[in-house]
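Got your viewer open? Let's walk through this model one selection at a time, starting with a small spot and working outward.

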Amino acid sequence: MMIETERLILREWKLSDISSMVEGLNNFDTSKNLTVPFPYTKEHAESFINKHLKNDENNYYFAIVLKDTNKVIGGTSLEIKTDINKNKGGIWLNNKYHGKGLGTEVWIARAKFAFETLNLNELENGFFEHNEISWKMQQKLGYKIVGKTINYCPALNREVVEIITNLKKEEFYNSINN
């Protein structure tokens, strides 16, 4: 399975992506916003990729690949929890690729995949309260804050407040069409 945008390809993970994954996640500024360990090692990447080599109808894990260089620069996911009617996902980008609009391009592609291909009506996401960049990007796409929870951040070695956000299909299309 593959999703293509103007500058990116979202595709299933491959074992050959390990070094790019380590390069991106073995960065404190990235890992402090995620639930991944720091330092992030080859063993962590290998374990994750082996677990997520193939997507299924409820779990979609994509490597984010720059078209022009064929380099993996991040990852994104979408998990469908039909038993509790929750559709969650996330994204991370190698810090070298921040500030270029690539994250927004991924968020839009993932939302369109969820709403158009999977026929979902809403998505749940979140961000650690210290990650204002994520919140600003989510706001641009129509996400609304719906709650808070406590999550453990291994890189910070402590619990942090995670702000839970929700995106309804109609709010997403209103936001990208205006």
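Before the first click, a word on naming: helices are DSSP runs of H or I with at least four residues, strands are E runs of at least two, and both are numbered from the N terminus. Keep in mind that this is a predicted model.

**Stop 1: Thr-30.** Select residues 28-31, which make up helix α2, and pick out Thr-30 within it. Is Thr-30 buried or exposed? Its relative accessible area is 5%, and because buried means under 20%, Thr-30 counts as buried. Now show what surrounds it: beyond the neighbours within four places in sequence, Thr-30 is in contact with Gly-24, Leu-25, Trp-92, Leu-93 and Asn-95.

**Stop 2: helix α1.** Move to residues 18-25, helix α1, where six of the eight residues are buried, so this helix is largely enclosed by the rest of the structure. To see them, select Ile-18, Ser-20, Met-21, Val-22, Gly-24 and Leu-25. What covers these buried residues? The cover includes α2, α3 (42-51), β4 (71-81) and β5 (86-93), so colour those elements separately.

**Stop 3: the largest nonpolar core.** Nonpolar side chains tend to be buried together in soluble globular proteins. Here the largest nonpolar core has 32 residues, and the members that touch the most others are Leu-8, Ile-73, Leu-78, Phe-115 and Leu-123. Show helix α4 (residues 102-117) too, since with eight residues α4 gives this core its largest share.

Now centre on Leu-123. Leaving aside neighbours within four places in sequence, Leu-123 contacts Leu-78, Asn-87, Ala-111, Ala-114, Phe-115, Tyr-143, Thr-165, Asn-166 and Leu-167.

**Stop 4: another core.** Apart from that one lies a core of 16 residues, including Ile-18, Leu-25, Val-36 and Trp-92. You've met some of these names already: Leu-25 and Trp-92 are among the contacts of Thr-30, and Ile-18 is one of the buried residues of α1.

**Stop 5: zoom out.** Switch to a cartoon of the protein and count along: six helices and eight strands, in the order β-β-α-α-α-β-β-β-α-β-α-β-β-α from the N terminus. The C-alpha trace spans about 40 × 35 × 35 Å along its principal axes. Why call the protein compact? A compact globule of 178 residues would have a radius of gyration near 16 Å, and the 15 Å found here agrees with that. Of the contacts with a separation of 6 or more, 60% join residues 24 or more positions apart.

Finally, turn on the surface: about 9400 Å² is exposed, with carbon and sulfur atoms supplying 48% of it.

Note on methods. Residues are numbered from 1 along each chain as its sequence is written. This is a predicted model: local features need pLDDT of at least 70, side-chain atom pairs count only at pLDDT 80 or more; totals for chains, interfaces and linings use all residues. Side-chain values use heavy atoms; hydrogens and water are left out. The radius of gyration is taken over C-alpha atoms; the globule rule is 2.2 Å times the number of residues to the power 0.38. Contact means heavy atoms within 4.5 Å. Accessible areas come from the Shrake-Rupley method with a 1.4 Å probe; for residues, only the protein chains shown count as cover. Buried means under 20% relative accessible area, exposed over 50%, partly exposed in between (1.4 Å probe, protein chains only). A nonpolar core is a set of buried Ala, Val, Leu, Ile, Met, Phe, Trp, Tyr and Cys residues joined through side-chain atoms within 4.5 Å.
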